[in-house]
Amino acid sequence: MHPLKIKSRQRQEQILLSLKKLDYLTREQIQTLHDLKSDRNARRVLQDMNKYLNTFNEGRRKVYYLNKEGREKVGCNKPRYKLTTSEHYLMRNDLYIHLGRPFHWRNEIKWIFGEGTKQEITVIPDAVFERNRKIHIVEIDHTQKMKKNRKKVEKYRQLIQYNAFKGMPRLIWVTTTEYRRKAIRELCEGLDVKVYLYHEIK
């Protein structure tokens with residue numbers, strides 16, 4: 001097989017693996033993650049992968065996700081569907097890119113602490129990763145009610161008391177307004193927390 005053909009297939013596989021990991025990606029996000037250079041080149045590459053991908057529009061952006069054939073190609077068991085809003089996923093993926101693509105990044109992993117006891121706590125962060133032996137917990141505050149955010153922070157406080165994270169984790173939030181950033185900072189007072197506004201990481 002011609003070396004350029006091999007390189008093209010390898011690039012396609014890497015893009016499919018990114019979609020497996022990150023669920024939904026815009027063309028611009030794929031372009032950044034896989035160094036596809038110009039918009040024209042990115043469109044061509046994605047057009048060549050048409051049989052593996054489904055798309056829908058989020059505002060003026062085209063969003064890509066794996067179809068059945070794409071999932072089979074990279075061994076993905078989690079089906080994806082067209083969404084009425086994908087902004088939550090796209091915000092999370094922009095943070096992933098902004099933070100330098102953490103190697104151990106995992107989305108929506110259910111953690112159960114003290115399972116089967118009266119102290120059992122279940123929490124599902126939007127993402128989690130480990131860096132410098134410290135757990136980092138990602139929360140995306142798009143249209144979330146602040147009451148729900150408060151309950152989640154209370155769970156994290158309990159888990160820190162139980163030393164469930166083997167030390168103090170870092171909470172990383174992305175939100176949409178300065179007002180919401182201030183509210184989240186107040187909820188997380190005393191914790192190791194970083195709160196980004198979305199426009200700061202795009």
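Two strands count as paired if DSSP finds at least two bridges between them. The exercises below apply this idea, among others, to a predicted model.

**Exercise 1.** Describe the sheet that contains β1, and find the residue in β3 that is the bridge partner of L25.

*Solution.* Begin with the strand order, which in this open sheet of three strands is β1-β3-β2, with antiparallel pairing. The edge strands are β1 and β2, each of which pairs on one side only. Next, look at the contact between β1 and strand β3, which covers residues 61-66: the two run antiparallel and are joined by two bridges. Since two strands pair if there are at least two bridges between them, this number satisfies the rule. Finally, the bridge partner of L25 in β3 turns out to be Y64.

**Exercise 2.** Work out the strand order of the five-stranded open sheet, and state which strands stand at its edges.

*Solution.* The order is β4-β7-β8-β9-β10, and the pairing in this open sheet is mixed. The edges are formed by β4 (106-107) and β10 (192-197), because each has a single partner strand, so that one side of each is left without a neighbour in the sheet. For an example of pairing inside the sheet, take strand β8 (residues 134-140) and strand β9 (residues 170-175), which run parallel and are joined by five bridges. Within this pairing, H136 stands opposite R170 in β9. To complete the picture, add helix α5 (residues 87-98), which lies across β4, β7 (127-131), β8, β9 and β10 and runs at about 145 degrees to β8.

**Exercise 3.** Classify the aromatic pair of Y24 and Y89, and decide for each residue whether it is buried or partly exposed.

*Solution.* A pair of aromatic rings is described by the distance of the centres and the angle of the planes. The whole structure holds ten aromatic pairs. For Y24 and Y89 the centres are 4.9 Å apart and the planes stand at 65 degrees, which makes the pair edge-to-face, since planes over 60 degrees apart are counted in that way. The two residues come from distant parts of the chain, 65 residues apart: Y24 belongs to the loop between α1 (3-22) and β1 (25-26), whereas Y89 belongs to helix α5. With a relative accessible area of 4%, Y24 is buried, while Y89, at 21%, is partly exposed, because buried means under 20%. Both residues also belong to one aromatic cluster, formed by Y24, F56, Y65 and Y89.

**Exercise 4.** Carry out the analysis for the aromatic pair of W111 and F165.

*Solution.* Here the distance is 5.6 Å centre to centre and the angle between the planes is 50 degrees, so the pair is called tilted. W111 lies in strand β5 (residues 111-113) and F165 in the loop between α6 (146-161) and β9, with these positions 54 residues apart along the chain. Both count as buried, W111 with a relative accessible area of 13% and F165 with 5%.

**Exercise 5.** Determine how many disulfides the model contains, and describe C76 and C188.

*Solution.* A disulfide is a covalent bond between the sulfur atoms of two cysteines. With a cut-off of 2.5 Å between the sulfur atoms, the count comes to zero disulfides. As for the two cysteines, C76 is buried at 9% relative accessibility, and C188 is buried with a relative accessible area of 1%.

Technical notes
Residues are numbered from 1 along each chain as its sequence is written. This is a predicted model: local features need pLDDT of at least 70, side-chain atom pairs count only at pLDDT 80 or more; totals for chains, interfaces and linings use all residues. Side-chain values use heavy atoms; hydrogens and water are left out. Buried means under 20% relative accessible area, exposed over 50%, partly exposed in between (1.4 Å probe, protein chains only). Helices (H or I, at least four residues) and strands (E, at least two) are DSSP runs, numbered from the N terminus. Contact means heavy atoms within 4.5 Å. Axes are lines fitted to C-alpha atoms, for helices over the stretch in contact, and angles run from 0 to 180 degrees between N-to-C directions. Rings of Phe, Tyr and Trp (its six-membered ring) pair if their centres lie within 6.5 Å; planes under 30 degrees apart count as stacked, over 60 as edge-to-face and the rest as tilted.
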